[in-house]
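Reader: Can we go through this one together? I'd like to start with the charge and ring contacts.

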Amino acid sequence: ATNVGTSQGDTVGSRAALARWITAPENPWFAQAIVNRVWGQLMGQGIVEPVDDFGQGNPPSHPELLDLLAAQFTASQFDLTFLYQAICRTQAYQRTSRTTAAGQDQPQLFARMAIKPLTGEQFFAVFVQATGYQSGRLTRQGDQDPLRRSLVNQFSGSGRYADPETSVSQALTLMNGGFVHEATSAERSPVVRLLVEDHSQSAARQVEELYLLALGRLPTSDESRVLTAHLEQGEPAGRTSRRGDVLWALLDTAEFRWKHGGRPPR
């Protein structure tokens, strides 16, 4: 577009022409780039890795897969919902992140799900859900919400999709930050209060409830045994705070902060 910028009309026309060329069905590069980036986001590793480094010197690990997904994405008229659904329905996406066989350590094979960090927005959402703060100042919408602003700033990843990391400030926020303290305190935590008020549940069942809230799974037999004993020990007056201790410990785990597939063995 040699006439780009000569006039407002020419500039707009050139941009429209460029957009039409980029998204033309006969241009394979646009569909492949989008497919590869979405695959990398969901799988932790692009078919071409790094995801933005297409070239003869960096061939795709699975060229037939890239071509097939790109062709289907183009046929759907670049429907991102279709693309996300197609990848999420694959066996590769639904695999566990645990190593179940030899030779699964090469990420480009997609033999197991990669462990990926949550985005800041995702971490804010799961923190609010796990701690029971569904209303009030902790869930106000917008950038002025102090919890949202703090967690999004602290936990927005800066590395590759599959590079889980925990900074010193993140660790301190989870260990002794004001919001975490409030969310796990016996006096203010709605989760702890509900467990205290429900006298029908055993200590083992309460541990299961906390695991389901924080990690979305039941505890292993060893986890259940250790934490049930922790809740049952000492005077009954101290059991309320120990429920908060269990929730605090779960919020501090790497499992709470990172996305992964499958469950640990029972």
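Author: First, the criterion: a charge sits over a ring if NZ of Lys or CZ of Arg is within 6 Å of the ring centre and within 35 degrees of the ring normal. Keep in mind that this is a predicted model.

Reader: Fine. Which ring does the charged end of Arg257 sit over?

Author: The ring of Trp258, with the charged end of Arg257 5.6 Å from the ring centre.

Reader: And ring against ring, how many aromatic pairs are there in the whole structure?

Author: Five aromatic pairs turn up in a search of the whole structure. One of them is Phe73 with Phe78, an edge-to-face pair at 5.4 Å centre to centre, with 75 degrees between the planes.

Reader: Is Phe73 buried or exposed? And what about Phe78?

Author: Phe73 has a relative accessible area of 1%, so it is buried. Phe78 counts as partly exposed because its relative accessibility is 24%, and buried means under 20%.

Reader: Which residues do ring pairs link into a cluster?

Author: Phe30, Phe73 and Phe78.

Reader: What about Phe123 and Phe256, how are their rings arranged?

Author: Phe123 and Phe256 are also an aromatic pair, edge-to-face, at 5.5 Å centre to centre and 75 degrees between the planes. The pair joins distant parts of the chain: Phe123 belongs to helix α5 (residues 120–131) and Phe256 to helix α13 (residues 254–257), 133 residues apart. Both Phe123 and Phe256 are buried.

Reader: Switching to pockets. What is the volume of the second largest one?

Author: The second largest pocket has a volume of about 220 Å³. It is lined by 14 residues, and the closest to its centre are Val126, Ala214, Leu215, Gly216 and Phe256.

Reader: Which elements give two or more residues to that lining?

Author: Helix α5, α10 (203–215), α13 and β2 (258–259). The most comes from α10, with four residues.

Reader: And the lining of the second largest pocket by class, what is it?

Author: Nine nonpolar residues, three polar and two charged.

Reader: Back to α5 for a moment. Thr131 is in that helix; what does its side chain reach?

Author: The side chain of Thr131 reaches the backbone oxygen of Phe127, at 2.7 Å.

Reader: Why does Thr131 count as buried?

Author: Because its relative accessible area is 0%, and the cut-off for buried is under 20%.

Definitions and conventions: Residues are numbered from 1 along each chain as its sequence is written. This is a predicted model: local features need pLDDT of at least 70, side-chain atom pairs count only at pLDDT 80 or more; totals for chains, interfaces and linings use all residues. Side-chain values use heavy atoms; hydrogens and water are left out. Rings of Phe, Tyr and Trp (its six-membered ring) pair if their centres lie within 6.5 Å; planes under 30 degrees apart count as stacked, over 60 as edge-to-face and the rest as tilted. Buried means under 20% relative accessible area, exposed over 50%, partly exposed in between (1.4 Å probe, protein chains only). On a 1 Å grid over the protein atoms alone, a cavity is a set of points where a 1.4 Å probe fits but cannot get out, and a pocket is an open set with protein on both sides within 12 Å along at least five of seven lines; lining residues have an atom within 4 Å of a point. Grid points are joined across faces, edges and corners, and a volume is the space filled by probe spheres set on the points. Ala, Val, Leu, Ile, Met, Phe, Trp, Tyr, Cys and Pro count as nonpolar, Asp, Glu, Lys and Arg as charged, and the others, Gly among them, as polar. A polar contact is a pair of N or O atoms within 3.5 Å; within protein, one must be able to donate a hydrogen and the other to accept it, and residues adjacent in sequence count only if both atoms are side-chain atoms.
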